[in-house]
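Biologist: Please take a close look at one part of this model, the interface between the two chains. I would like one connected account of that part and of what lies around it.

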Amino acid sequence: MTTNFPGLSRFDVSPSVRGSRRNWLHAGWLGGVGLSLGQLFRLQAQQRSDESPVEPAAKAKSVIHIYLQGGFAHMDSFDPKPDAPVEYRGILDPISTSVPGVQFSSHMQQTATVADKLTIVRSMTHTEVDHQRGEHSMFTGYRPSPALVYPSLGSVVAHEQGSRGAMPPYVVVPTAGSQFLGSGYLSNAFSPFALGADPARTGYVVRDLNNPAGVDAARFERRKDWKRMVDEQFRSQTQDDAISTMDSFYQKAWSLLDSPESKAAFRLDDETEQTRELYGMKPWGPILRPSAGARFLVARRLVEAGVRVVTVTYGAWDTHSYHYRGIETQLPDLDKAFAGLIKDLDQRGLLDSTLVLITSEFGRTPRINAGGGRDHWPRVFSIVMAGGGIRRGHIFGASDGLAAEVADQPLSIENYATTIYHLLGIDAGKSLMSPGDRPQRIVTDGEVASELLA
Amino acid sequence: MKILRSCILFALCVPAAADEPATGTLTIQPPIISLTDARDWQRVLVLQKFPDGSTRDVTANAEFQLSDPAVCQVENGIFRPLADGQCRVTVRYDGSDVVAMAEVSNATMIPDLRFRSEVLAVLTKSGCNSGKCHGAASGKDGFRLSLFGYDPPGDHHRLTREFPGRRVNVSDPEQSLLLQKALGNVNHTGGQCLDEDSEHFQTLKAWIAEGAPTDPPEAAIPTGIRVFPEEAIFADRTAASQQLLVIATFSDGTDKDVTDLCVFLSNNDAAAGVTGDGVVSANGPGTAFMLARFDQFTEGTAVIVRPGVSYEFPKIVAANQIDELVFARWKNLHLLPSEVCSDEEFLRRINLDLTGLLPTPEERRLFLADSDPDKRAKRVDDLLQRPEFLDLWVMKWAELLQIRTVNGLSSKGLLMYDRWLRERVHAGMTIDQIVRELIPATGGTFENPATSYYQTETTPQLLAENVAQSFMGTRIQCAQCHNHPFDRWTMDDYYGFASFFSQVGYKQARDPREIMIFNAGTGSLKHPVADRTVVPAYLGAGKAEIPAGADYRAVLSDWLASDANPAFARNLGNVVWAHFFGIGIVEPVDDMRVSNPPSNPQLLQYLGQRLAADGYDIRPLIREICLSRTYQLTASRNESNRLDERHFSHSKVRRLRAEVLLDCLNQVTESQEEFRGLPRGSRAVQIADGQTPNYFLTTFGRASRETACSCEVRTSPTLSQALHLLNGESTSGKISSGGVVERLLQELQDPLLVVGNLYERCLCRQPTSREIEAVKDRLADGRDVREALNDLFWALLNSNEFLFNH
């Protein structure tokens, strides 16, 4: 019989959550289909405790995904068009980079020096001109569907690979910059953990990570003991998956709170002046209040501590008018912080295992509008991919002379997403279960863009 | 064959013997075997039904006797025509018999092959036009078919005309790529899909040899399918397999056995699986739904596999009709229900479900002291009269209307919209009356706030989708782009329904914050594939009669929330049920479709009928639910219902939804919250705007009301929730700001009395003796008693027993 019917219970028990057939049959006993959350968590925990590496083929152990909210002007950053008419090329001059023959815009001074460690995709393309639709396309690998919201990369990774140590698998910095960075049709158990505070602010503290006032470690231990006592009666009477799932999150919270190293990963206070300098965290040049560096640095610390996917949202790029004024401080801030991140990761030997992405929901119109702005443009735009199995010093694809259309090697959202999952050791063709027991492939009809791979 | 007539005859066929034979009764389906051309054939099913309700397929061993063997022949339960006429068929098995009729007409006429119902059916059956193959929106390897064949003319064009002579080569049929690819003779990503000597392959070949004709306009088209048997109950997992039979009816009144052309699927392989030929076999105890798909039709049949252990239904008394219907289901499944819950459990559960608040220690004391045997009913009646009950349902309706700040809806407009709904609910208006005021609303959004419904969504498509999902429990979104593969909805249905909203007019009112909604009286939608204008049609109920000049929406609303549309009452019944059981009879509640059948169809039907009879007043139904034994079961499971999640044989533990949890935290800690636009001390369930910023509500999964989907309310846990309860201001902060422990210590003096009060206010029970001992131990360590009691309070708020309704 055919096995490709959405709508019915064809649950693909993947290698990463492989239960025995017996478990599986058990799972669907009376009307319920598929693994429940609690069962999935137990299988993941079992898998991790009794087996070798979960992802043998994975080049990328983790992802730092920098999301530039609003639509990032490709021609004013990674894909300058100095030969285009002035109303297209804009006011920024091109500069050379560490890759011969490759130019960036003059706001990208620092990143130009690490271009040899990056792949610039100059031919990203999709068809959605609306912010939300563009976000859904870029974060999930699916065009928006009227019937279903798809899960973001981080949520899929959380679902497939679970947490590593005490750290949550998926963290957003400072908060989710888009509703489509969430868990979509998957349970919100796979939604991102949000810092809830901006690391760039003085007095930055992650919400709820520290004991409340008046509760020291000893008292917190006593509270735990009280909770154990109180829970006993109900647990002895009631067995339910919803309860064990809640308990598993209490366990996760406790192991995080009990691990000084994990908690420290959220802080920045023990970073050296040198590192802060590298990330451009102190005011410099025209940048009076830099904020990219602190966010990127927290992302690196989180990844070091075991987080699988960190999505950092930075900036406000939706410059429909006064475009150049809008980007004149945030672009250099991004530039310095990003170059710092890349150098730092590389020095620490982390770049090869950390996939770093800069994306946006789309690019901006090739021609500057009457208000000095640029509007939404998804037909071609640039993204950056680096580390985690991505080629170094490479330009993938090309736009035409006006930065208006793909001239070479279009990269579709499906192929982009499939490539990332491939690097993470996740089979993008695998089906996950959406509500109504409809299996959905992680990505449909995507292919690995092998030219991106190292 | 006429289905209706066959049903009557079917009833006559059941042996009239007074005492049922121990071997079970015999039935045959279909009771009239109608063969209408030389190529026609018909399979029959002979079913034995045992006194305990289980069934067995005995077709293979049954003996068939024909009164006139010249009319037709039967082999392996399959009838084929010989000559025009009628004959009586007597079926014998195991000492019983049953009679059917065979009717043969046009026995010598060989009909032309039909593209849609035969050729395309082969492609669908073989998986060619599925979503992952050529049915994908962009096709596969350069060849596209419409998904599951929703566009026969388009498919015919692509097969025969897109590359003339290539896919289909009428001058040399063998060389047609369609055949070569299907056999895997040439490189084909999908590999070999058909055997050369299969009947399906021969159909394709014959069609090409005949010149690959399209269907003439007068050709009969399929109008529906029926799947038999209607229910199969396997005694246990080792029971013999059951063949399915699918009969399609056609527009010319004929029918055809299309079992061989159907795609079969089980929605729960763990209970029972089905082969491509439609043979069902039991895998394990449980229920499964077998789906058959032919042409644009999906229908199913229910299968039960019993656990196979000895079963006796307990001596329990049904409190009302709901219990009767639920008990019947348990009997069929051989499920044993849990016990009835204690008064304490009942009181906590009913308070949370009806008012969204916990019973106070004083209420608990009074309830336990009451010796009236009807006290549970009294409590239900009391709570149903409270304003908190209405607040809860205003919140639920507001979610269906998606009341939130969006599309420039001003805060004034939003508050007016909320007040419009709130006033009506509190004034006793029922939801059908509210919907009938909402859907045809015209005027300014300030003048008539109901018009704000047309500001929260503005396209006919989205409005139609939301109305279908909110008020009919049906998701039609799929049919926007292709016929729904697992439901009855076609693109015609979709655009027909959306057309009701194609004439909504918008203009700016004098106040810049106000928008006027009016009937533009012009505008229509086009069917994107057929490229023709669609006229408004009720979802599942045909074209609408629209008087000249009438507002389409008024015509829709007269039908939508009325007895003419049973889906409205059924959906409402399911929504109400899910509120009290944590899971719908159809789950998710707003996803009623053929392939997602109700776990208890009779119960769902009853709820709908009851609501319609009560004029859509939900209170009598809620009263019946709350007084049923089914609702009053404990959450503790037994060996028999340990794994049951769908049949209500025990109470389902449910995490309190975000708003209710926050209100309960405030209630027990005696603290207050401030929400935008509401006076201090208001409850979270009273919030007007789904977008009101609040960390707690967002973290605990309240509906942001961005879509009409019931999936927006999320109660699954997250790390942020656990951290917030452990460290956040909602527990520790409220405990200290409320000062409950300090006050109680002062009033009661004895710390153990304070402990009792804390347990009562949070968990609606006294601590057990073991817990008292444990508390005493902890209090005896010489530390500050006040601090210790605050820590106990904190632990109670962090306990599952508090966070869940059970």
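Modeller: What follows describes the interface first, then one charged pair in it, and last the chain B background. The model is a predicted one.

The contact between the chains involves 88 residues of chain B and 72 residues of chain A. The size of an interface is often given as the accessible area lost when the parts come together. Here the area buried between chain B and chain A is about 7100 Å², and carbon and sulfur atoms give 60% of that area.

Polar interactions also cross the interface. Between chain B and chain A, 20 residue pairs are in polar contact, both residues being at pLDDT 80 or more. On the side of chain B that touches chain A, the elements giving two or more residues are two strands and five helices. The strands are S16 (263-266) and S19 (286-294) of chain B. The helices of chain B are H22 (719-727), H23 (729-738), H26 (769-779), H27 (785-797) and H28 (800-803). H22(B) gives the most to this side, with 9 residues. Sorted by class, the side of chain B that touches chain A holds 35 nonpolar, 29 polar and 24 charged residues.

Side chains of opposite charge can pair when their charged atoms come close. The count of salt bridges between chain B and chain A is 8, while a search of the whole structure finds 87 over all chains. One pair that crosses between the chains runs from Asp240(A) to Arg637(B). Asp240(A) lies in the loop between helix H7 (217-237) and helix H8 (241-257) of chain A. Arg637(B) is in the loop between helix H19 (618-627) and strand S28 (654-655) of chain B. The closest N and O atoms of the salt bridge between Asp240(A) and Arg637(B) are 2.6 Å apart.

As background for chain B, its domain assignment gives domain 1 (1-111), domain 2 (115-209), domain 3 (430-562) and domain 4 (658-805). Taken over C-alpha atoms, the centres of domain 1 and domain 3 of chain B are separated by 47 Å.

Chain B also has an open sheet of 3 strands, in the order S21-S23-S22, with antiparallel pairing. Strand S21 (443-444) and strand S22 (504-508) of chain B are the edge strands, each pairing on one side only. S21(B) pairs with strand S23 (residues 515-519) of chain B over 2 bridges in the antiparallel sense. For Gly443(B), the bridge partner in S23(B) is Ile517(B).

How values were computed. Residues numbered from 1 in each chain as written. Chains lettered and ligands numbered in written order. Predicted model: local features only at pLDDT ≥ 70, side-chain atom pairs only at ≥ 80, totals over all residues. Heavy atoms only, no water. Contact = heavy atoms within 4.5 Å. Buried area = accessible area lost by both parts, 1.4 Å probe. Salt bridge = Lys/Arg side-chain N within 4 Å of Asp/Glu carboxyl O. Polar contact = N/O pair within 3.5 Å; in protein donor to acceptor, adjacent residues only side chain to side chain. Helix = DSSP H or I, 4+ residues; strand = E, 2+ residues; numbered from the N terminus. Nonpolar A, V, L, I, M, F, W, Y, C, P; charged D, E, K, R; others polar. Domains from an automatic or database assignment. Pairing = 2+ DSSP bridges.
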